[in-house]
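Me: I am new to this structure and should be grateful for a close look at a single part of the model. Please describe the pairing of strands there and what surrounds it.

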Amino acid sequence: MNVVVPGDPTLEAAYVAAARRLEERGAIAITADCGFSIRHQAAIAAAVSVPVALSALLLVPVILRQLPAESKLAILTFDASCCGNELLGIDDPSEQARIVIGGIENKQTWLNEMARPPVATDTTVLQQDVCARVRELRETHPEIGAILLECTMFPRVAESIRRIANLPVYDITTLCRMVMESVSTQLSEVPALAEQATT
């Protein structure tokens, strides 16, 4: 967490090597367990021949197109200081202006994850930290029309966010379901993988 979130370019070779090993072992799609892995999306996608979807941030352009032009997309991230426009796949300044980024840095969940060794965070604590940040973002930006969760811990509390915000909420599971549905025929041809997917 301490190196993936802020970004460490020396990690890219390890990411690529791991993706190649997964493909060799029969993987039909590859994802990751940290949204900040998007920094290595292009390198990994170029290194393997299966779909690669490392981060919910890949959904940013898609979600913006679903919203009215006057609406904004809130990105809830583990650490806003590390989540800049360069990770969002949006070059148009007018589109960048429609994005609001908020993080849970310095909240208890963040402190737990950044500790060495990490401290397990109770779901109740995670929910309080994330929902509090969502409320703050909405108070400051009432024009928010959808929420995207960058952090792969956040899907655990996505339903709570939907309830308090009454807005569409997207996360890594949204992206992964799309990818796995796209390769479902291949999945059924790999018995061990198909069994895992249904359990």
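Reply: In this predicted model, strand E5, which covers residues 144–149, pairs with E6 in the parallel sense, over 2 bridges. Across this pairing, isoleucine 147 stands opposite valine 169 of E6. Helix H7, residues 158–165, packs on the sheet and touches both E5 and E6. The direction of helix H7 makes about 170° with that of E5.

The pair belongs to an open sheet of 4 strands, whose order is E4-E3-E5-E6 and whose pairing is parallel. Strand E6 (169–170) is one of the edge strands, and strand E4 (99–103) is the other; each of them pairs on one side only. In the order of the sheet, E5 stands between E3 and E6.

Strand E5 also takes part in enclosing a cavity. The structure holds 1 cavity of 30 Å³ or more, and the volume of the largest cavity is about 30 Å³. Its lining consists of Ala74, Leu76, Val134, Leu137, Arg138, Ile144 and Ile147. Ile147 thus has two roles in this description: the residue stands opposite valine 169 in E6, and it lines the largest cavity.

Three elements, namely strand E3 (72–77), helix H6 (123–140) and E5, each supply at least two residues of this lining. Helix H6 gives the most, with 3 residues. By character, the lining residues of the largest cavity divide into 6 nonpolar and 1 charged, with no polar residue. Among the residues of the lining is Arg138.

How values were computed. Residues are numbered from 1 along each chain as its sequence is written. This is a predicted model: local features need pLDDT of at least 70, side-chain atom pairs count only at pLDDT 80 or more; totals for chains, interfaces and linings use all residues. Side-chain values use heavy atoms; hydrogens and water are left out. Two strands pair if DSSP finds at least two bridges between them. Contact means heavy atoms within 4.5 Å. Axes are lines fitted to C-alpha atoms, for helices over the stretch in contact, and angles run from 0 to 180 degrees between N-to-C directions. On a 1 Å grid over the protein atoms alone, a cavity is a set of points where a 1.4 Å probe fits but cannot get out, and a pocket is an open set with protein on both sides within 12 Å along at least five of seven lines; lining residues have an atom within 4 Å of a point. Grid points are joined across faces, edges and corners, and a volume is the space filled by probe spheres set on the points. Ala, Val, Leu, Ile, Met, Phe, Trp, Tyr, Cys and Pro count as nonpolar, Asp, Glu, Lys and Arg as charged, and the others, Gly among them, as polar.
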